[in-house]
Amino acid sequence: MEKIKLNDIELAYARRGKGTPLVLLHGFPLDHHLWDDVSSLLEDTFDLILPDLRGFGESTTLDTPYTMDDYASDIAGLLDQLGIQRAAVAGHSMGGYVALAFAKLYPERVSGLALISSQVLADPPDRKEGRYKSAADVAEKGIGGVVEAMTSKFTSDPRLQAVARALMERQQPDAYIGALKAMAERMDSTSLLSTFKFPVVIVHGDADALIPIARAREVKAAVPDSHYVELKDTGHVPMLEAAKETAEALHRLA
Ligand code: MLT
């Protein structure tokens, strides 16, 4: 992977393909390898930029708190260094929260936006409290508890559960802690949706056990022009469970 310095961290990213710039943002607590299946279906059409969000994969992080805006600023800095002014941005789950923060901070740099298994709502108080409990648990005992709790919620397919588990197990505790706190503090992005002046793609599995399908239907209702793909019998990781359909939907951003 390539690495660049910005915002006091080292950000690692992979780059593949040729065409419209498309940034693929992984979810929590994963890294850019989440996109391995989908990126081979996209690289003929897109200049794919696949960062490891700060703390994850090969990117470093800080031990001071940070926010979704900080993750988004890392992406802007990466695009600056690559000489890319505008790009389409697709985010999976927490990556979607980062994509929304990017669209809020740098709307003129967005040529299209995809939310995959994500949502625009902030955490309700009980969920927020749960995130801080999980962060404290990771600090005290390591990542095992979160990995255990999340594995079966990603997908009902045992083979893909093993893929997700392996991705989660290789992430650092600091990345979990920083991301859990950043997710807890994220803003509600509902009002942002009406400001979008670019194509929007929504992909969501109807069996998502982490972010219910209702969240995606609400976004579709708020952005009627969006390209909406609801995947039957699919869980939280369509890029693993339905790579072809996910790639097809993302082609709308070309
Ligand atoms: C993710 O997959 O990125 C997280 O489950 C999102 C969340 O917990 O809100």
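Visitor: I'm starting with the smaller details of this model. In the second largest pocket, how many lining residues are nonpolar, polar and charged?

Guide: The lining of that second largest pocket has nine nonpolar, four polar and five charged residues. Keep in mind as we go that this is a predicted model.

Visitor: Got it. What is the volume of the second largest pocket, and which residues lie nearest its centre?

Guide: To read a pocket, ask how much space it holds, then who lines it. Here the space comes to about 280 Å³. The lining has 18 residues, and D69, K104, R186, M187 and S189 are the ones nearest the centre. Two elements, α2 (68-82) and α3, each give two or more residues to this lining. The largest share is from α3, with four residues.

Visitor: Now the largest pocket. What is its volume, and how many residues line it?

Guide: Same recipe. Its volume is about 540 Å³, and 26 residues make up the lining. Nearest the centre you'll find R127, R131, M150, M183 and L210. The elements giving two or more residues to the lining are α3, α4, α5 (144-154) and α7 (173-184). Among these, α5 gives the most, with five residues. Sorted by class, the lining has 14 nonpolar, six polar and six charged residues.

Visitor: There's a ligand in the picture too. Which pocket does the ligand take up?

Guide: Compare the place of the ligand with the pockets we've listed. The ligand takes up the space of the largest pocket. Two elements give two or more residues to the shell around the ligand: α3 (94-105) and α4 (125-141).

Visitor: Which residues are around the ligand?

Guide: For this shell, a residue counts if one of its heavy atoms lies within 4 Å of the ligand. The list runs G27, F28, S93, M94, Y97, R127, R131, M150, M183 and H236. By class, that shell holds five nonpolar, three polar and two charged residues.

Visitor: How do I spot polar contacts with the ligand, and which side chains make them?

Guide: Look for pairs of N or O atoms within 3.5 Å. In the side chain of S93, an N or O atom is 2.7 Å from an oxygen atom of the ligand. H236 has a polar side-chain atom 2.7 Å from a ligand oxygen atom, and for R127 a polar side-chain atom lies 3.2 Å from an oxygen atom of the ligand.

Visitor: And how much of the ligand's area does the protein bury?

Guide: Start from the ligand by itself, then put the protein back. Alone, the ligand exposes 270 Å², and the protein buries 97% of that.

Visitor: What about the backbone? Is the peptide bond from F28 to P29 cis or trans?

Guide: Check the omega angle. For the bond from F28 to P29, omega is near -15 degrees, and the bond is cis. You'll find P29 in the loop between β3 (20-25) and α1 (36-42). F28 is also one of the residues around the ligand.

Visitor: One last angle: is phi of N7 positive or negative?

Guide: Here you read the sign, and note the residue type. Phi of N7 is positive, near 45 degrees, and N7 is a residue other than glycine. N7 sits in the loop between β1 (2-6) and β2 (9-16).

Note on methods. Residues numbered from 1 in each chain as written. Predicted model: local features only at pLDDT ≥ 70, side-chain atom pairs only at ≥ 80, totals over all residues. Heavy atoms only, no water. Polar contact = N/O pair within 3.5 Å; in protein donor to acceptor, adjacent residues only side chain to side chain. Areas by Shrake-Rupley, 256 points an atom, 1.4 Å probe, with all protein chains shown as cover. 1 Å grid on protein atoms, 1.4 Å probe; cavity = no way out; pocket = protein on both sides within 12 Å on 5 of 7 lines; lining within 4 Å. Sits in = over half its atoms within 2 Å of the grid points. Nonpolar A, V, L, I, M, F, W, Y, C, P; charged D, E, K, R; others polar. Points joined across faces, edges and corners; volume = space filled by probe spheres on them.
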